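Work through the exercises below with the structure open beside you, and try each task before reading its solution.

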Amino acid sequence: MSNNISILWADDEIELLKPHLLFLKNKGYDVTPVTSGVDAIEEIKTKTFDLIFLDENMPGITGLETLSRIKEMKDIPVVMITKSEEEYIMEEAIGSKIADYLIKPVNPNQILLSIKKLTENKRLESDKANHSYQQEFRNIGMTLNDKLTYDEWVNVYRKLVYWELELESVHDNQMGEILTMQKKEANNNWKRFVSDNYIKILNNPKEAGPILSHQLIKRKVVPLLDQEDPVFFILIDNLRYDQWRIIQPILADYCRLEEDDVYMSMLPTTTHYCRNALFAGLPPSEIERKFPHLWSNDEEEGGKNLHEEEFLKEQLQRLNKDVKMSYTKITNLDSGKAMVDSVSNMFQYKLNVIVYNFVDMLSHARTEMGLIKELAEDEAAYRSITRSWFIHSPLFETIKKIVQKKVKIVITTDHGSIRVKEPVKIIGDRNTTTNLRYKQGKNLNYNVKEVFEIRNPQDALLPRPHVSSTFAFCYEDNFFAYPNNFNYFVNMYKNSFQHGGISLEEMLIPVATLSTK
């Protein structure tokens with residue numbers, strides 16, 4: 001039975017390879033033999049091949065020359081076969097983007113393995129991923145039935161992200177749908193964990209618990225300041241753990257990953273609360289009390305993150321870290337390019353902080369612009385755009401310049417986001433916050449079963465603008481909509497990426513430590 005795989009084999013000693021050709025024919029492969037590079041090129045002009053075996057040492061034009069011409073014509077996987085083990089030949093072949101490399105004499109099993117690897121790898125990988133996830137599905141499902149600790153939740157979420165990326169890479173849509181259902185179940189259980197434990201975690205003085213937003217600098221950055229190397233703290237706003245996982249391999253060629261950790265964003269999972277807490281090293285209620293002139297509540301006019309550098313300097317002073325530092329906030333392409341040009345100046349500082357706002361701008365643009373909605377219609381597309389942005393970004397250029405010297409880098413974020421799907425009705429007065437994942441106000445009306453409510457903000461270390469102020473948070477993939485323009489909200493915001501509420505994607509977020517290779 002035919003495999004429908006067509007192979008071109010070019011070798012000036014093709015007569016000696018007849019046993020191999022017969023072996024492949026018996027396996028169902030269609031093999032066209034030729035004896036020179038010129039003949040190989042002529043065959044490629046008129047026929048379609050799935051794979052080419054190419055002898056390196058042929059009379060006339062060499063295998064490497066033939067390879068170069070093939071690559072100019074068509075994108076076909078080429079397996080180079082040679083008697084020579086000289087390093088420069090291997091390097092030239094690899095540099096010319098060969099798919100595989102075999103040393104003569106080759107045996108039938110080597111050939112078969114190379115063919116399967118290059119023509120059936122996606123199917124084989126898909127079958128393997130499918131089988132492995134089916135086993136893991138049962139394990140994760142049983143785990144979700146238990147009463148999990150925070151560390152166990154981190155482990156579950158890491159596994160879910162791993163399998164999401166794995167199944168995506170082999171294009172297994174069927175198992176991907178099952179994983180989506182399992183993620184939904186996980187978020188349903190996570191909401192219970194947060195409801196039962198969030199206030200306790202916040203008010204637990206022990207450092208053995210989860211790292212929270214206001215503890216991150218102290219726990220992850222300050223210890224590095226005692227070491228010799230300059231420290232670069234890079235905060236990419238609104239970066240989910242899955243987005244970090246697709247960026248990290250890009251950095252692997254330039255940096256050594258020393259620690260890949262997850263920390264817990266405070267509520268509300270917004271820049272206003274989480275990032276101020278992160279840089280101040282204090283929960284929002286304490287920031288408001290200690291710096292009333294620098295803190296703005298939700299209903300007040302003006303920017304909410306204008307004093308991050310001041311907050312950080314005060315935190316370092318409080319922790320007895322008298323270090324020279326720089327602070328750079330990037331909100332557009334021009335400021336990003338300017339940062340690339342100024343990297344050399346940063347090495348005079350012990351601590352360099354870079355805040356990069358692209359991912360947050362992407363999520364907002366996705367809500368407001370039709371084209372971005374089409375480009376990032378789901379999580380996979382959202383990750384793809386993030387990866388493409390990062391590869392071509394001034395931030396990546398900056399990191400490549402930074403690691404030319406011996407440094408430590410901490411890459412993190414302030415919160416994640418989730419694609420919202422289900423509207424939840426809420427009623428509030430005109431001073432109620434506009435965020436779709438949480439509301440703060442004096443006269444909120446909602447179904448208490450559908451939200452996580454905090455009637456005393458001080459319990460959650462949040463400011464209390466008014467005596468009757470209440471916070472209400474959406475669970476899972478819900479979003480708030482007002483009854484009087486309900487359909488507008490649903491049509492406008494359903495399937496958009498939002499943050500501020502309670503989900504694994506918003507709250508369990510990356511913090512990684514890297515060093516120069």
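**Exercise 1. Decide whether N495 counts as buried, partly exposed or exposed, and do likewise for N320.**

Solution. Begin with N495, which in this predicted model lies in the loop between α20 (486–493) and β18 (497–498). Its relative accessibility is 29%, and since buried means under 20% and exposed means over 50%, N495 counts as partly exposed. Next take N320, which is found in the loop between α13 (308–318) and β8 (325–330); with a relative accessible area of 68%, N320 is exposed. Finally, look at the backbone of these two residues: phi of N495 is near 70°, a positive value in a residue other than glycine, and phi of N320, near 60°, is likewise positive in a residue other than glycine.

**Exercise 2. Classify the ring pair W190 and F193 as stacked or edge-to-face, and then the ring pair Y273 and Y438.**

Solution. A search of the whole structure finds 25 aromatic pairs. For W190 and F193, the ring centres are 5.2 Å apart and the planes stand at 25°, so this pair is stacked. Both residues belong to helix α8 (residues 173–202), where they are three residues apart and thus separated by about one helical turn. W190 and F193 are both buried.

Turn now to Y273 and Y438, whose ring centres are 6.1 Å apart and whose planes are at 85°, so the pair is edge-to-face. This pair links distant parts of the chain, for Y273 is in helix α11 (residues 271–280) and Y438 in strand β13 (residues 438–441), 165 residues apart. Y273 and Y438 are buried as well. As a last step, follow the ring pairs outward: they link Y273, W295, Y438, F452, F471 and F473 into a cluster.

**Exercise 3. Find which ring the charged end of K405 sits over, and which residue has K191 over its face.**

Solution. The charged end of K405 sits over the ring of F347, at 4.7 Å from the centre of that ring. K191, in turn, lies over the face of Y475, and its distance from the ring centre is 5.2 Å.

**Exercise 4. Work out which strands stand at the edges of the open sheet that contains β13, β16 and β15.**

Solution. Start from the order of the three strands, which is β13-β16-β15, with antiparallel pairing. Strands β13 and β15 (451–454) each have a single partner strand and stand at the edges, so one side of each is left without a neighbour in the sheet. From one strand to the next, the twist averages 15°. To examine one pairing in detail, follow β15 and strand β16 (residues 470–474), which pair in the antiparallel sense over four bridges; the bridge partner of I454 in β16 is F471.

**Exercise 5. Determine how many residues of helix α10 are buried.**

Solution. Helix α10 (residues 241–251) is mostly covered, since nine of its 11 residues are buried. Among them are Y241, W244, I247 and L251, and the buried residues of α10 also include D242, Q243 and Q248.

**Exercise 6. Locate the cis peptide bonds that lead into P105 and P268.**

Solution. The peptide bond from K104 to P105 is cis, with omega near -5°, and P105 is found in the loop between β5 (100–103) and α5 (108–119). A cis peptide bond also joins L267 and P268, where omega is about -10°; P268 is found in the loop between β7 (255–264) and α11.

Terms used. Residues are numbered from 1 along each chain as its sequence is written. This is a predicted model: local features need pLDDT of at least 70, side-chain atom pairs count only at pLDDT 80 or more; totals for chains, interfaces and linings use all residues. Side-chain values use heavy atoms; hydrogens and water are left out. Rings of Phe, Tyr and Trp (its six-membered ring) pair if their centres lie within 6.5 Å; planes under 30 degrees apart count as stacked, over 60 as edge-to-face and the rest as tilted. Helices (H or I, at least four residues) and strands (E, at least two) are DSSP runs, numbered from the N terminus. Buried means under 20% relative accessible area, exposed over 50%, partly exposed in between (1.4 Å probe, protein chains only). A charge sits over a ring if NZ of Lys or CZ of Arg is within 6 Å of the ring centre and within 35 degrees of the ring normal. Two strands pair if DSSP finds at least two bridges between them. Axes are lines fitted to C-alpha atoms, for helices over the stretch in contact, and angles run from 0 to 180 degrees between N-to-C directions.
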